[in-house]
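Good morning, and thank you for making time for this presentation. I should like to take you through one protein model, beginning with its interior and ending with some details of its backbone.

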Amino acid sequence: MSSYKVDKDVESEETLNDVEEEHDIASEREESSEGETVVSSGEEMVFDNLSDDDSSSSEDELSPAVSSRKRKISRPSAVSPSPAKSNRSASPASAGSGKGSVKKKSIKRSLSFSVDMSNDKWHSADEPDIEPTQQQFRPLRTPGPQVISTASYSPLQFFHMFFSSRVMQKIIEHSNAYGAKCLAAKRQSWCDISLKDFKSFLALIVYMGLVKCFNLTDYWKKSDIYSLPYPVQVMSCRRFLAISSALHLSDPEEDAENEKKKGTAGYDRLFKIKPLYKDIKEACQTYFHPFQNISVDERMVASKARNGLKQYMKNKPTKWGYKLFVLADSLSGYTWDFFVYEGKSDTKQGKGVGYDTVMRLVNEKSLGTGYKLYVDNFYTTPMLFRDLLSKKILACGTVRANRIGRSTTAAPRGNIRWFRDDNLLLVEWKDRRNVLLCSTFHKAFNGDKVKRKVKGGDGVWTEEEFTVPPAVLDYNKHMGGVDLSDALIGYYKVLHKTRKWYRTFFYHFVDIAVVNAFILHKHVAKEKNEKLMTQKEFREGLCSDLAKAGSCYSEVTPTPELLHLPKYISDDGTIGRRKCRNCYLKTPIECVLCEMPLCFVSTRQCFTDWHESKAAEAECSDSVGKISKAQKRKMNSAKTGVDNTWMEPVEKL
C-alpha cells in the first residue's frame with residue numbers, strides 16, 4: 001500500500017512530477033516533462049505554457065482577466081528528413097531494416113490552469129482566507145454495511161452476497177454450454193458442472209491464493225517436496241483443469257452473434273465478461289455505502305494477453321495489464337464502483353479521460369450529496385471541480401506543476417502561497433519539493449503544523465515544525481482508498497495465467513468479492529464488539545466453507561468414491577472409449593479417483609499393473625494413496641464372483 005506523505009522525495013515526485021505514469025498506449029496522450037515549481041513571495045514568475053490532452057482548452061480560467069499566451073503548434077513534417085539532416089538517431093529496428101515507428105513530436109497547447117501569477121493575486125499564509133461554504137453531508141443511505149447488524153455471518157455468507165447461487169448458476173450454465181461445444185468437435189462427451197463442483201472449484205481458487213505453487217498441477221503432486229493433502233480432498237486435478245478450461249462467463253451463442261458485429265458500432269468488446277461484470281458491480285453497491293471521504297484512482301490487472309484492452313504504463317508496478325478506474329471508500333478501501341477502460345473511444349463527453357472517468361463514477365443520485373472526493377493530478381481541472389460542486393460534491397486534488405508555471409528562485413521550506421478564484425482554492429506549499437493542490441472546500445491556512453527532520457550544517461538531524469495547509473493533511477489521510485484496496489487484493493490474490501482474457505477478469509472479480517466480503521466482516525464485527533479475523537484467517541474460513549459445500553470434500557478417511565475403483569466411462573460401453581494408459585488399447589473403463597483410462601478384463605490386468613507401477617506415482621497426482629491389498633481383493637472378487645464384504649482404508653501418503 002503506497003503512502004501519500006508529501007514530505008518524502010519519491011512520493012512527492014510520484015504525486016506531482018511523475019507525469020508519464022498516467023499515460024498509456026491506447027490513449028496515446030503526449031508525455032509531459034517533469035519539473036518542480038518553486039514559488040517565493042514577491043518574486044516574478046516565468047511561465048511554461050504546457051498542458052495535457054486530458055484537459056479541455058475551453059475550460060474556465062482561474063483568472064479571467066489575463067488571457068493565456070499561445071504558442072505555435074509544432075507539427076511533424078509531411079516529408080521525412082533525410083538521414084544527413086535528421087537529428088534523431090534511428091532505432092535498432094529502423095537502422096537494421098529500414099522499418100520502425102517514427103516518434104511523434106509532442107504538441108503543446110494552452111494551459112488548463114491559466115493563472116495570473118502577479119503579486120496582487122497570490123497571498124501568503126499571513127493573509128486571512130475566506131472560509132468556503134461547506135456542503136451538508138446527506139448520503140442516500142446510512143454509511144457502512146447494508147446488512148442486518150444483529151445477525152451473525154460466516155465468511156461464506158459474506159462471500160455469497162457477491163457470488164450468489166444465481167450468479168454461480170449462470171456461470172455454470174454458460175460453462176457447460178461452452179464445454180459441450182468444444183468437446184463436440186472432438187466427438188467427446190462433456191460432464192456437466194454442478195453447483196457443488198463449482199463451489200469446490202472456488203475453494204481451490206481461494207486456496208491457491210494462500211498457498212503458492214509454480215504450476216497448477218503441483219498442488220496434486222505426490223512427491224516429498226509437495227504432498228499437499230488438501231487439494232486432493234476437495235477435487236481431482238483432472239476435474240479442476242476441465243472446469244478451468246471450460247470456464248465461460250457469457251452465452252456462447254450470443255458470443256457468436258457479437259463476433260459478427262466486429263468492426264461495427266454495435267460490437268461490444270466487453271461482451272464476454274458483461275454478465276458477471278454487471279452482477280459484481282451491482283453487489284458492491286448494494287451491500288455497502290461509502291462514508292464521506294472517497295477517492296478515485298486507477299488499478300492495473302496484470303496480463304500480457306494479445307488483446308486490444310491491454311494497456312502499458314511504464315512507471316507502474318504492474319506495467320502491462322487491463323486498466324480499471326475505481327471509486328473506493330477512503331476509510332476501509334471498499335471497492336464501491338469501477339469500470340474497465342476500453343481505450344480512447346471510451347470517452348463520452350469529449351472533455352478528457354479524467355473528467356469523464358470522475359463524472360461516470362461519482363453519481364450523486366446513487367451516492368448522495370456532501371461527499372468529499374480526493375483525486376490525483378491526472379484528474380484535477382477547474383472545470384471538473386466546478387461541475388462537481390454544482391452537484392454538491394466537494395473535491396480536492398493535486399495539480400501538475402507544469403500546468404502552473406515555473407520560477408527561477410527557491411522558497412524556504414514551509415512557505416505557503418495561495419490563490420482563490422470564487423469557489424476554487426489553489427494552494428502551494430514548499431516541503432522538500434513544491435506541492436500544489438486545488439480544493440473546493442478547504443481554507444488556505446488554519447495554523448496547522450507538521451514535524452520534519454532537518455539536517456543541520458553540522459550534519460546532525462533535528463526535528464522542526466513547519467506550517468502546512470489543511471488540504472495537504474486531508475489529502476495524505478484520505479487519498480489512499482484505492483491503494484488500500486489494491487494492497488488487500490495483492491496479499492493473497494487468486495489471479496494466475498490463463499489462455500483466455502476474460503478469465504483474467506473472472507479471477508479479479510473473485511478477488512474483489514473476497515476483499516469486499518472481508519471488509520464487511522470487519523465493520524460488522526466492530527459494531528458487535530467481536531474479535532476481528534485477519535484477511536488470512538477470513539480466506540482460510542471461506543476456503544473451508546466452500547469445500548464443505550462442494551461435491552467430494554472429505555476430512556477424515558477416504559470413502560469408497562475416493563478409492564481407486566474401476567467404472568464405465570459412459571452408460572454405453574461402446575461409446576466414449578479411450579486409450580488405456582498402460583497398453584494403449586481402447587477401453588471403456590477408467591479409475592474413479594484418478595480418472596485414468598485402464599483395461600479391466602480377464603486377459604489384461606492394466607488397472608492393477610498400472611496403479612502398482614512407478615508411473616502411477618508420477619502421473620496419478622489425483623490419488624490420495626497407493627492401491628491397497630484390500631482393493632486388490634475387491635477387484636479380484638468382482639472377477640471371480642466371491643464376495644469380500646470387508647475393505648481396509650487406503651493408506652495415506
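Before we look at individual residues, one term has to be fixed: a contact here means heavy atoms within 4.5 Å. Please also keep in mind that what you see is a predicted model.

With that term in hand, consider F506. Leaving aside residues up to four places away in sequence, F506 touches F163, I171, F198, F201, L202, L247, L249 and L276. F506 belongs to the largest nonpolar core, which has 113 residues. F506 is also one of the residues with the most contacts inside that core, together with F162, F163, F198 and F201. Which helix supplies the largest share of this core? That is helix α15, residues 501-527, with 16 residues. Another core lies apart from this one; it has 19 residues, including C396, W429, V468 and A471. As a general remark, nonpolar side chains tend to be buried together in soluble globular proteins.

Let me now step back to the whole chain. The protein has 653 residues, and 49% of them count as buried. Its secondary structure consists of 19 helices and 20 strands. Of the contacts between residues at least 6 apart in sequence, 68% join residues at least 24 apart. The accessible surface comes to about 32,100 Å², and carbon and sulfur atoms account for 50% of it.

I turn next to the aromatic residues. A search of the whole structure gives 32 aromatic pairs. One of them is formed by Y277 and F338, and its geometry is tilted, with 5.9 Å centre to centre and 40 degrees between the planes. Y277 sits in helix α9, residues 274-286, and F338 in strand β8, residues 335-340, so that the pair links distant parts of the chain, 61 residues apart. Both Y277 and F338 are buried.

A second pair joins F325 and Y341. Its geometry is edge-to-face, at 5.6 Å centre to centre and 85 degrees between the planes. Because F325 lies in strand β7, residues 320-329, and Y341 in the loop between β8 and α10, the pair ties together parts that are 16 residues apart in sequence. F325 and Y341 are both buried. Y341 has a further partner, for K323 lies over its face at 5.2 Å from the ring centre. A comparable arrangement involves R413, whose charged end sits over the ring of F466, 5.3 Å from its centre.

Several aromatic residues also form one cluster, among them F159, Y207, Y219, W220 and Y230. F163, F198, F201 and F506 are members of this cluster as well, and we met these four among the residues with the most contacts inside the largest core.

Now to the cysteines. How many disulfides does a search of the whole structure find? The search finds 0. Take C599: its closest cysteine sulfur is that of C583, 3.5 Å away, which is too far for a bond because a disulfide requires the two sulfur atoms to lie within 2.5 Å. C599 is itself buried, at a relative accessible area of 1%. C591 is likewise buried, at 0%.

A closer view of helix α12, residues 382-390, is worthwhile, and L388 is part of it. Is L388 buried or exposed? It counts as buried, because its relative accessibility is 0% and the limit for burial is under 20%. Beyond its sequence neighbours up to four places away, L388 touches V358, M359, V362, L373, I393 and A395. The C-alpha atoms of L388 and E364 are 9.3 Å apart, while the two residues are 24 apart in sequence. The buried residues of α12 are P382, M383, L384, F385, L388 and L389. They pack against α10, β10, β11, β13 and β14. Just after α12, K392 takes a positive phi of about 65 degrees.

That leads to my last topic, the backbone. Most residues other than glycine have a negative phi. S227, however, has a positive phi near 50 degrees. S227 is found in the loop between α5 and α6, and it is partly exposed, with a relative accessible area of 38%. Y584 has a positive phi near 65 degrees and lies in the loop between β18 and β19. At 58% relative accessibility, Y584 counts as exposed.

Thank you for your attention.

Technical notes:
Residues numbered from 1 in each chain as written. Predicted model: local features only at pLDDT ≥ 70, side-chain atom pairs only at ≥ 80, totals over all residues. Heavy atoms only, no water. Buried < 20%, exposed > 50% of the residue type's maximum accessible area, 1.4 Å probe, protein only. Core = buried A, V, L, I, M, F, W, Y, C linked by side-chain atoms within 4.5 Å. Helix = DSSP H or I, 4+ residues; strand = E, 2+ residues; numbered from the N terminus. Areas by Shrake-Rupley, 256 points an atom, 1.4 Å probe, with all protein chains shown as cover. Phe/Tyr/Trp six-rings, centres within 6.5 Å; stacked < 30°, edge-to-face > 60°. Lys NZ or Arg CZ within 6 Å of the ring centre and 35° of its normal.
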